[in-house]
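Colleague: Please take one part of this model and go through it closely. I would like the terms explained along the way.

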Amino acid sequence: MGVVAAGYHGISLWGTPQLEDSMAVLLPVTPVIKPAKTWSKEHPPLMRIVVLGTNASENSRVGNFLLGRAAFETEEPPDVVQRVGGKHMTVINTPNISLHQMTQRVRECVSLSAPGPHVILLVLKHDQCSREEKECVEMLLNSFSHTVYQHTMMITTHESHTQVNDIIQEIIHQCNDRHFRLERNSTPAQLMEKCEEIVHSNGGQHLICTEYESSQYFTMEQQDRERGLEENRDYARIVLLGKTGVGKSATGNTNIGKEAEEMKREREKLKNEIEQMMREKEKVQLEKGNIQIKYDTEINKEQVEKNELQVQEERNMREEQQKISEEKLNLTEEQRKDELERKQVKWREEMKKIWTERRASVKVAAYRRLDTEYNKWTWSLRSAMLEIEIKLQNKIENETIHEIQETDLQTELKEKSEEVKMLMSEFFEKEKDKEIPIQWKTSTKFQENIVRETNRKLNEILQQRELKKEIEAQRKHHENTLFEISKELAVKLKDIPKDEETLKKEFDCFWEECVKMTFRDTPPIKDIDILSDVKQLLSDIYTITPVDHCKESRNIFCVLSYSDYVRSKKYCSFKGTSINSNILVPAIDTSWECFTLSEEDEIQIRTLVSEIAHETDKKIMSFNISKMGYNISCIQELTDHIKARLLKHHEGPVRYQFTNEFFMDLVFFICKRSNKTFTEQHRIFRETNDPVIYFERKRGEYFSVFQKYCRDSTSAAVFGEIICQKLKDPIEQSVYKNTARDLADEMRTNCQSLNGNRSKLEKHILKTLAEEEDFNKYMNYIHDPKDHFKSFIRAEVSQYITDKFSVSVRPKMMKNFKLLQQKIMKAAHESTEHVQVNSGDVEAAHESTEHVQVNSGDVEAAHESTEHVQVNSGDVEAAHESTEHVRVNSGDDEAAHESTEHVQVNSGDVEAVHESTEHVQVNSGDVDLWLKCFTQKLSDVLIFSIKDFSGVSRDDVKIKLLEDVIRKELPSVMSDISSKFSTETFTVILDYEYRPDELLIDHFCQGCWVQCPFCNAICTNTIEDHDGDHSVPVHRVNGVNGKYYTGTTNLSTSICTTAVASNRSFHPKGPYQVSVLCREYRRAGGVYANWSITPDVSEFPYWKWFVCRFQKDLEIFYNKTFQERGKIPDNWRKYSKHEAIDSLDEYM
């Protein structure tokens, strides 16, 4: 970078390059103090002023202020050195100084203010000076002289009667409290007066640096010229130094080119000096010849030898100087070449880093957009599949289908699948960065997973259907037996007049006695105690371990290290053979060596524990305890599965085996965590299958039928009442299932925490954790994230149901009730019509259709339907009569008149019709046909089959009346169900898998749950077992996961994204083993090789705030401290909870 100067009469302004934030240590230059000239204000000699600063614009402003005009550009100072002259001063402004240019630029500034400055002005803003910047300023000043502060004055800008900060105040104190405030009303004369006072206080003495005397850029002649200029002209030089160039536009290549050009000029300059020295050498040799001739003739031989010696000495000196100059030139060229090469390499690395970071950010943004859409696609398919699953489950329970294949499900899902594919195609066509996630376009894994999981559940129901037939058959037998017994009692009491209260007492007395007698030999279903069963089972397996061990079992997810739970794979020292591989290792066996697990081993075990917990959750749901009941064999199956998984892990390439204590603690903790699920499902089973509890709950329904018998109601009325009572439970289940699905759909749209992808859900979880400040919940989230996600979703759904019950939840239930009621009545009508047609009573079928349609207001449809059937059956006259009949009922007077005449004329036919109607009797076979048709038509919406009526008498039931009875009695059943609606009924009525919270849990918890090997952050990929690397948008402070520095008890304050940008290292194989640089973490292999951690030094306050807020809790929890190497940086403590929460929106 060269020097450009422009001079005017008596004044030149010089500036120095700006200082960068970090600077190499500069050795102070020893000043040479020369005798000062006499100083007077009346006749001031040359005043040389150096102006230093941390901002080019501010330096330019001071220069313009001194000159009294806009000589320098303040908005966008150019990236070259400028010099502008004035009457009494010279200001040089050189922006952007780099570390390797520091010494050179200082030399240039000193030389341009030679023989030394009288005053140095330090320009800083009153409130913008850090401790690092102060050190940089001191370094630069000391490079002039260690006595530089005797000639220095502080200038502060942008003040408005405000106090300067403490750091600037320290600098002012070093400057002997010299301080000038540059304000709007300040004048150049005031500043010059201050400068004159400084010169006067130093007796007119200037500061001269030996750097100037020894500079390779100036010869003795140049120094003489400079000093001559000083004696003949009043001349002041001002040197401006800045920190950061404003408006810098030169690229890396341009800077490198300028450096090369500068090197070329300096090389030419040195070459000219060498040539000048050679010419002087030739001149000396010529003078030597002349002297030789003169001495031979004029002086004696002794004098000649003396002169020759002197000439030889001068020649040697010149040759030595020439040699030194040549060496300097060669050295300078080599250094320049090395520097240029280093800069080029650094520039390429920086450009590569910038491109990589930009590409990474683009990739992250593209995947976020894709993940949001992917979440919508999967929920659309999952919701459609749930509807299909409920329909097929009803058919399975009703025994209308006996086999389920994945192809059947694919066919059912085809329409929705095509719709999703179309949405995917539209997305990828519009996506601007489509080449990044394009591999997702052809992926159908998420649909395959949904179909596979549904097929598994339905086939389990098929298998369990056969197993629970005996239980259901026994329950239905008891139901129908009680119906018949209550009927017998009603027949006895029918002729005895009794009021309603007396009748109720008679029934209650009969009921208690009857139930007691019926179930006296049936043992009640007791409550279960899962944890006691687990303890007993484990004690039976491992008799050497006390039963009370389970009381002391630890949270297997939150242990700091699993080293206590493993033993090394060694041969028994006393047997010489290995332990049998199908036996878990006893912890008390001293023949097994204890050792410390490596970091990678710890991660593998933690991952194994998470996988086992996930598998056992699925297995517990597959037990279907709410339908099949609980047996200790469920716990046995769980323990067998867990043991098999551990033994399979042993067979892998691991250096350890698990102890019995690990197996026992794992089994106990998993069962303890699932205890609520076991208990809830057993409660549902007990309420349905314990005869005493179940029939006590059904007492009101039986009393309703009993009343019908006592009132001598028709068989159709009684049978219709029984049908409605048996429909009650299936209707309740169906309405709750459909409402749960509708509610989950609504929450996916309206609930802020649940209407996006899993990353958005996690952001809301972190916000809630910060607002609640519950340390235990934080630890659950960090060490068992999936469990915490489930708890959070359940809490959100519960709160949503509570808040929206009256405005959304209840209306949805009533809507589903209405739709189901319509389907039931349609099935009843179509069943009646079907029976009548099949029994040959075509006219009755037509009248039934007409009756329903007229009553529903659809007169035209009634007419067309009846006429169509009658004409097609050949009964044209009946068709005509039916038309007239409808017109009468619809208010058509003329048609009524014609109809009246017709009936009067054909009065004999009317009587015949009446006789025909009386003749049509529906026998029991017709009722069975009606019942079969009715249940089949409802088989895809209700778990309701003809088997429910086995043993129920249906003698003398007329199907023509049955439909009317159901239409009359069904609303009261619906009303009875709806009256029990509340915010808690979802958890009471529905099985786990159909509750709205479980539907959402199933959706959100299907993705990848692999955790970062450093900080335990969860991979945000929505696809389980996805291709490519794991990644997260934000990593945590490693200490929150219990990580600490090797060989200490200091919790780590390192963050993954900053660690991989540093030279720090870690020990993946364990303490004191081979270390790996964090920036090369993939070299550690194993779990580290599959993670993408992008270097990032940006500030993310959330986890820093967490560490400061819960420092004591973390230290107690992990039994370690944030001290020494793990000391929490002071700047972390400045973040507030509000800032931490706000940062989530910015970074996630």
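Modeller: What follows is a close look at helix 37 and its surroundings. This is a predicted model, in which local features need pLDDT of at least 70 and side-chain atom pairs count only at pLDDT 80 or more, while totals for chains, interfaces and linings use all residues. Residues are numbered from 1 along each chain as its sequence is written, and side-chain values use heavy atoms, with hydrogens and water left out.

Helix 37 spans residues 1111-1118; helices here are DSSP runs (H or I, at least four residues), numbered from the N terminus. Its buried residues are Gln1111, Leu1114, Glu1115 and Tyr1118. They cover an arc of only 100° around the axis and therefore lie on the same side of helix 37; the arc is that of the directions from the helix axis to the C-beta atoms. The face turned away from this buried side carries the exposed residues Lys1112 and Ile1116. Buried means under 20% relative accessible area, exposed over 50%, and partly exposed in between (1.4 Å probe, protein chains only).

The buried residues of helix 37 pack against helix 24 (775-783) and helix 36. The axes of helix 36 (residues 1101-1109) and helix 37 come within 4 Å and cross at roughly 75°. Axes are lines fitted to C-alpha atoms, for helices over the stretch in contact, and angles run from 0 to 180 degrees between N-to-C directions. The two helices are therefore roughly perpendicular to each other, a term for angles of 65 to 115 degrees. Phe1106, Val1107, Cys1108 and Arg1109 in helix 36 meet Gln1111, Asp1113 and Leu1114 in helix 37, where contact means heavy atoms within 4.5 Å.

After helix 37 comes Asn1119, with a positive phi near 55°.

Key. Parallel < 35°, antiparallel > 145°, perpendicular 65-115°, else oblique.
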